[in-house]
Each structure stands twice: as C-alpha cells, then as structure tokens.
Amino acid sequence: MISSFDADNDLAAYLGDSVVASALEAWAGGHALRVAVPPEPWRRRGGSGALLVRVRVTRIAGDRGPSDLLMKVCSPGSPAGEPAIHERAWQLSPTFARRHLFRQAFPATILQDGRVLMYLDSSESLVDDRTLGELPIRLLVDCATATIRLVWGEWNGRTRRREVSTVADVLRCELRGAFDKGRSAYRWLQQAGFDVEDAQVQALSDASAQLNAMVSLLVRGSELGQRKLEYFCGNSHGDLHLDNVIVPFGPDESPDPGRIKLIDLSGFSPTAPLTRDLATLLTSCALKVVRKGVTPAETSALVDALTASRPTAVTSCRAESPAVKDMLGVLHAVRSAALAEFDADLQHLLHAQYLLSLIAQAITYTSYRNIGHFGRRWYFELGISAAERFVAFYDSGPLVSSTWLK
Ligand SMILES: Nc1ncnc2c1ncn2[C@@H]1O[C@H](COP(=O)(O)OP(=O)(O)O)[C@@H](O)[C@H]1O
Ligand SMILES: [Mg+2]
C-alpha cells in the first residue's frame, strides 16, 4: 500500500498502468466526470493479482463536491466476472447487501485485454477499517463469530434450503475444480502434495497416500461416494478468508462487528453448500498460527478443534503458546456460533457436510506454495483427520434425515 503520492496528479503514474489510466479517463469523459489522484492516495495489489486503487471523481457540471471511489481492476478470466456476480448477490438479498456489501457506484467497464474495472462505493473504508486478517488474534474472536453469524443468520437464516445428493457430488462441488488439469490441487494430487525428496516430509508419505486414496475413493464413486447425503445450501460468499472481511473501527479505535462488510464476491453462489464459508473462515483463521510453526501437540489440538463433532472448549494442550491458545478459543467460538444457527437435531447432518467442506479446503491449502512447508504439512494433517472423521460417519448411521421430503 502507498501512503503518500506526489506525482503532480499524474494518474497514469499513480495507477502504474497506462492502459487502465486511458480507459479510466475515457470512462470518466463518457460520464461527464473528471478523475484524479485523491488527496489521500491508496493503492494495493490483491491476492488475485487485481489492482485496487482509490480515485477521486468530480462531476464536470453542477456544484456537487468531489467524491472518492475504490476502483478494482479485475484480472481476465473468472476474476473478471466479479462485478456481475457482486450485482447478482445485491439483487438476490438487497437488505443484507445494504448492510454488509459495498455498492457498485457505476456499471463496470470491460477493457480490450479482458480486464474489468469495477467502481466500488467503499473508499471511506480504506482509512479506518481493517480486514479480519489485520486484527490481532485477541480481537478476532468477536469479529469472526460476528462474520459467521451474519453469513449463516442474516444472509441465510430464513432462506437456507436442504438438498440431497451423493457424497461424491457434494465433495466434487466443494473442490470446485481444484483437481482440474493445471490447477494447483491437480498438481498436488500428482505429487502427493510434497517434494518427496525432502527428508522432512518422507515421514508423511503414508499419510499423504491415505488422504490421496480417500479423496480418489470418494470422488471416483466408491460405495461411500455413492451414499446419499443431505446438506444445507444457500448464499455463500465462496472465498470467506480473513482478508475478504472488512471490519469498521469506531472513533474509540475499537472494532464494530455489527457493521462488518464482505468484499471480493467472485466466488458467490446462491446455491452452494453452506459449510463452504465456515470451513474457509476457520482454515484461514488457523493459518495465522500454523504458518509460523506449531508443535505436534498444538497441531493435534488445533486439528481436533476443527474436526471434532462438537466444538469443545479447550482446557489445555502441551506446549501451548499464547497465540495457539487464543486461536483455539477463536475456533471454538466460531464453530459454536455457527452451530447455534441450527436446531440441535440438525447438527449431526451439518457436521457431515462440514467435514467434506473441510477436506476440500485442506486439499486446496496443501497445494499453496506460499504457506510454507510447515503450513502445507499442517493442512495435510487436517485433511486426513477430516477424512477419517467423515468415514466414521459412514458407520454411524444415515446421512439423510428421516424428515426428508416430508
Ligand atoms: N473496501 C475496502 N476497505 C479496505 N480494504 C480493502 C477494501 N477492498 C479491498 N481492500 C483491501 O485490498 C485487498 C484485496 O482486495 P480484494 O477485493 O479482496 O482483491 P482480490 O480479489 O485480489 O483478493 C483486501 O484483502 C483488503 O486488504
Ligand atoms: Mg480478496
């Protein structure tokens, strides 16, 4: 992020991209606007490669003062679909959207090279607000629980639905093409996730084979894969990691969880398994501690906190660092808040689909290079545990409720 910019209002230099600068000037001309570098410049690269930049716009006619927009330059391909998907989310749930999504101030502009300019009415949030990922762990508890409550309660409480499908289909749906040729998890599947030459990971080869075999089994239509599974579906953000949640801060410098906003909706779906967002949020919370390295005892405690059928308050675990202890508290609180959105007799069903969402998330993380060797190994263990726990469901009774289709 840049904090100051003195390029004499040189928009192209500020944006760092002459194609975008020309397109923006042409767009402004077409809307009778003038566009300039704002007095408080802000520019950042998102994880998808998108450029995000604050720009100042002024109407050429009239006496309305200038205002600032957040322009997102979405990359070509599927990220370029974000403005349309964002708009769809607005139209499907306008009350929720007014509270928890930013508004697009203008329709998006498509560039010749396939990129898309999105104009968000959110520039005020750039000054004081932070993402969940920027909060210290002690502030995460309230804000992460508020996030899952707003997603499962406000966004889905009255509209969520129940569907029946096969285990294999739900898992495939959660993997969302992660195993497609060329995608990172495809490469992971080929390589079992790690450089097998690496002595440190050789001990994991059995485990990697297990998870690998488990997923192939589920996806390729084994008996377990063909079993019917009842699951809840509805509105899903689709990529609810910590840096896609914006937390407003009040004048007293404290976070205001009631006004949380979700950004980066390119993965939104109105019909996704609901546990996708829960699993994404939790695995992204865990990353805050596991990427720095945790002890084996801490690994077990964290994995258990994510996969156990009921969230249990953690009393102690050996060699527990303060950060891990706080994180165990976060995971427990978020899972409890999520479960509280469902009646007790539905929580068993919910757990089965949650484990499938967790397996898919774990697989996706094991294929990320930027989380380090330790992080990848940790997500591997998470995936194995979630897969084992899912298989235990196989023996524990029907995964379709008796009330189905009543
Ligand atoms: N309205 C906003 N307020 C504050 N920060 C924001 C806002 N929008 C984006 N950001 C920052 O920019 C980052 C990237 O934006 P995002 O839309 O998630 O792009 P990407 O699709 O590349 O992930 C966010 O993680 C956040 O740090
Ligand atoms: Mg993002």
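An axis here is a line fitted to the C-alpha atoms of a helix over the stretch in contact, and the angle between two axes runs from 0 to 180 degrees between N-to-C directions. Keep that in mind for the helix pairs on this tour of a predicted model.

**The whole chain**

Start with the full chain in a cartoon view. It has 16 helices and twelve strands. Colour the residues by accessibility: 51% of the 406 residues count as buried. Contacts within the chain often span long stretches of sequence: among those between residues at least 6 apart, 74% join residues at least 24 apart.

**Stop 1: helix 6 and helix 12**

Select residues 137-154, which form helix 6, and residues 275-290, which form helix 12. Their axes come within 10 Å and cross at roughly 170°. Angles over 145 degrees count as roughly antiparallel, so helix 6 is roughly antiparallel to helix 12.

Show the side chains where the two helices meet. On helix 6, choose Ile-137, Leu-140, Ala-144, Thr-147, Ile-148, Val-151 and Trp-152. On helix 12, choose Thr-275, Asp-277, Leu-278, Leu-281, Cys-285, Lys-288 and Val-289. Sorted by class, this contact has ten nonpolar, two polar and two charged residues.

**Stop 2: Leu-281**

Stay on helix 12 and pick out Leu-281. Is Leu-281 buried or exposed? Its relative accessible area is 0%, so Leu-281 is buried. Setting aside residues up to four places away in sequence, Leu-281 touches Leu-132, Ala-144, Thr-147, Ile-148, Leu-240, Leu-242 and Val-334. Of these, Ala-144, Thr-147 and Ile-148 also belong to the helix 6 side of the contact at the previous stop. Next, draw a distance line from the C-alpha atom of Leu-281 to that of Val-245: the two are separated by 9.8 Å and lie 36 residues apart along the chain.

**Stop 3: helix 13 and helix 14**

Now select residues 296-307 for helix 13 and residues 322-339 for helix 14. These two pack at an angle of about 10°, with their axes 9 Å apart. That angle is under 35 degrees, which means that helix 13 is roughly parallel to helix 14.

From helix 13, show Glu-298, Ala-301, Leu-302, Asp-304, Ala-305, Leu-306 and Thr-307; they meet Val-324, Met-327, Leu-328, Leu-331 and Arg-335 in helix 14. The contact of helix 13 with helix 14 has eight nonpolar, one polar and three charged residues.

Zoom in on Leu-331 in helix 14. Leu-331 is buried, with a relative accessible area of 0%. Which residues does Leu-331 contact, leaving aside its neighbours within four places in sequence? They are Leu-282, Cys-285, Leu-302, Ala-305 and Leu-306. Leu-331 and Leu-306 are 6.9 Å apart, C-alpha to C-alpha, and 25 residues apart in sequence.

**Stop 4: helix 7 and helix 15**

Select residues 167-175 for helix 7 and residues 347-366 for helix 15. The axes are 9 Å apart, and the packing angle is about 40°. Helix 7 and helix 15 are therefore oblique to each other, and helix 7 passes helix 15 in a right-handed crossing.

The helix 7 side of the contact consists of Val-167, Val-170, Leu-171, Glu-174 and Leu-175. Facing them on helix 15 are Leu-356, Ser-357, Ile-359, Ala-360 and Ile-363. By class, the residues of this contact are eight nonpolar, one polar and one charged.

**Stop 5: the magnesium ion**

Select ligand 2, a magnesium ion. Which residues coordinate the magnesium ion? Asn-244 does so through OD1 and Asp-264 through OD, at 2.1 to 2.2 Å. Asn-244 lies in the loop between strand 9 (228-236) and strand 10 (245-247), and Asp-264 in the loop between strand 11 (261-262) and strand 12 (269-273), so the pair ties together parts 20 residues apart in sequence.

Asn-244 is buried, at 4% relative accessible area. Asp-264 has a positive phi, near 65°, in a residue other than glycine.

**Stop 6: His-86 and Ala-32**

Go to helix 3 (residues 82-92) and select His-86. This residue is buried, with a relative accessible area of 3%. Not counting residues up to four places away in sequence, His-86 touches Leu-101, Phe-102, Gln-104, Met-118, Leu-120 and Leu-265.

Finish at Ala-32, in the loop between helix 2 (18-30) and strand 1 (33-36). Ala-32 is not a glycine, yet has a positive phi of about 55°. At 42% relative accessibility, Ala-32 counts as partly exposed.

Note on methods. Residues are numbered from 1 along each chain as its sequence is written. Chains are lettered from A and ligands numbered from 1 in the order in which they are written. This is a predicted model: local features need pLDDT of at least 70, side-chain atom pairs count only at pLDDT 80 or more; totals for chains, interfaces and linings use all residues. Side-chain values use heavy atoms; hydrogens and water are left out. Helices (H or I, at least four residues) and strands (E, at least two) are DSSP runs, numbered from the N terminus. Angles under 35 degrees count as roughly parallel, over 145 as roughly antiparallel, 65 to 115 as roughly perpendicular and the rest as oblique. A crossing is left-handed if the near helix is turned anticlockwise from the far one by less than a right angle, and right-handed if clockwise. Contact means heavy atoms within 4.5 Å. Ala, Val, Leu, Ile, Met, Phe, Trp, Tyr, Cys and Pro count as nonpolar, Asp, Glu, Lys and Arg as charged, and the others, Gly among them, as polar. Donors are N, O and S atoms within 2.8 Å of the metal (3.2 Å for Na, K and Ca); water is not among the atoms, so sites may look incomplete. Buried means under 20% relative accessible area, exposed over 50%, partly exposed in between (1.4 Å probe, protein chains only).
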